[in-house]
Amino acid sequence: MTSPPPPDGRPPIWLFAAGMLILVALLVLAVACSVPDAQPAHAGHLVPVPPAVGPTIAPPRPAAVTVPRIGAHSTLIETGILPDGTAEVPPVETPEQASWLRESPVPGEVGPAILYGHVDGGGKAGVFHDLDQLKPGDEVLVDRHGAPQVRFEVYQVQSFPKAAFPTDLAYGDTQGAELRAITCGGTFDRATGHYRDNVIVSARLSS
């Protein structure tokens with residue numbers, strides 16, 4: 001499975017939010033590094049102090065994915081966006097391994113949580129080998145570290161030529177918590193060593 005393209009065009013809200021968090025962190029750092037003895041512009045006037053903010057609690061990270069209908073199960077490793085702008089996928093040498101795109105929402109949070117898996121590799125079937133066999137109503141289960149399992153219900157299974165990968169469908173904002181499971185599909189191009197299509201399964205949080 002070649003690397004799917006990252007979000008392009010107008011960035012989804014979850015990517016914008018991640019950027020805002022970085023900006024806020026940089027602003028806090030700039031304030032923390034200012035001269036400690038500097039006086040306010042209007043000496044003698046009280047300078048309001050912002051209220052203390054308690055520690056933030058990070059959402060539970062995904063641990064494993066199970067797709068009962070096709071007998072698929074794998075732990076989830078974290079993959080990201082590579083320096084060249086393409087999406088990192090699990091090593092093809094271990095095709096049974098699925099991954100979660102850490103730049104995407106955590107499964108169970110608002111937005112599309114992105115899972116990648118190979119259709120095959122090294123002469124072995126991959127974890128998402130039969131992903132295109134799913135039908136609306138099938139379940140995708142995601143275990144999370146230190147939190148209850150979340151269940152997603154499939155509502156759409158689609159295949160697209162890689163040259164026409166639907167970025168908005170795969171990565172675009174959603175009103176609720178959703179999941180996208182992505183793998184390769186279609187016929188195998190021996191000249192390039194890659195499959196010609198991508199299969200995208202869309203699912204909504206059910207519990």
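This report describes the fold, strand pairing, cores and selected residue environments of one protein chain.

**Model and overall fold**

The structure is a predicted model. Its mean pLDDT is 82, and 75% of the residues reach 70 or more. Over residues 18-50, however, the pLDDT is below 50, and this stretch has one contact in the model beyond near neighbours in sequence. The description of that segment should be read with these values in mind.

The protein contains two helices and 10 strands. Along the sequence these elements follow the order α-β-β-β-β-β-β-β-β-α-β-β. Of the 207 residues, 38% are buried. The accessible surface comes to about 11800 Å², and carbon and sulfur atoms account for 60% of that area. Among contacts between residues at least 6 apart in sequence, 61% join residues at least 24 apart.

**Strand S4 and its partners**

Strand S4, residues 111-116, is mostly covered, with six of its six residues buried. Two pairings of this strand are described here, one antiparallel and one parallel.

| Pairing | Sense | Bridges | Bridge partners |
|---|---|---|---|
| S3 (residues 98-101) with S4 | antiparallel | two | Ser99 and Tyr116 |
| S4 with S9 (residues 177-189) | parallel | six | Tyr116 and Ile182 |

Tyr116 thus takes part on both sides: Ser99 has Tyr116 as its bridge partner in S4, and Tyr116 stands opposite Ile182 in S9.

**Nonpolar cores**

The largest nonpolar core has 24 residues, of which Val65 and Leu131 touch the most other members. At least two residues of this core come from each of S1 (62-67), S2 (72-79), S3, S4, S7 (139-144), S8 (147-161), S9 and S10 (194-205). Leaving aside neighbours within four places in sequence, Val65 is in contact with Ala72, His73, Ser74, Leu76, Ala98, Leu115, Val140, Leu141 and Val142. Another core, of 15 residues, lies apart from the largest one and includes Leu101, Tyr116, Tyr195 and Ile200. Tyr116, described above as a bridge partner of Ser99, is therefore also a member of this second core, whose residues are by definition buried.

**Two polar residues: Glu139 and His118**

Glu139 is placed in strand S7. Its relative accessibility is 30%, so Glu139 counts as partly exposed. Arg151 follows 12 residues further along the chain, and the two C-alpha atoms are separated by 6.7 Å. The side chains of Glu139 and Arg151 are joined by a polar contact of 3.0 Å. Not counting residues up to four places away in sequence, Glu139 touches Thr66, Val67, Pro68, Arg151 and Phe152.

His118 is found in the loop between S4 and strand S5 (120-121). Is this residue, His118, buried or exposed? His118 is buried, because its relative accessible area is 1%, under the 20% limit for that class. A polar atom of the His118 side chain lies 2.6 Å from the backbone oxygen of Pro90. Beyond residues up to four places away in sequence, His118 touches Met1, Val89, Pro90, Pro91, Val92, Pro95, Gly126, Val127, Phe128, His129 and Thr183. Pro90 is accordingly among the residues that His118 touches and also supplies the backbone oxygen of the polar contact.

Terms used:
Residues are numbered from 1 along each chain as its sequence is written. This is a predicted model: local features need pLDDT of at least 70, side-chain atom pairs count only at pLDDT 80 or more; totals for chains, interfaces and linings use all residues. Side-chain values use heavy atoms; hydrogens and water are left out. Buried means under 20% relative accessible area, exposed over 50%, partly exposed in between (1.4 Å probe, protein chains only). Helices (H or I, at least four residues) and strands (E, at least two) are DSSP runs, numbered from the N terminus. Two strands pair if DSSP finds at least two bridges between them. A nonpolar core is a set of buried Ala, Val, Leu, Ile, Met, Phe, Trp, Tyr and Cys residues joined through side-chain atoms within 4.5 Å. Contact means heavy atoms within 4.5 Å. Accessible areas come from the Shrake-Rupley method with a 1.4 Å probe; for residues, only the protein chains shown count as cover. A polar contact is a pair of N or O atoms within 3.5 Å; within protein, one must be able to donate a hydrogen and the other to accept it, and residues adjacent in sequence count only if both atoms are side-chain atoms. pLDDT is the predictor's confidence in each residue, from 0 to 100.
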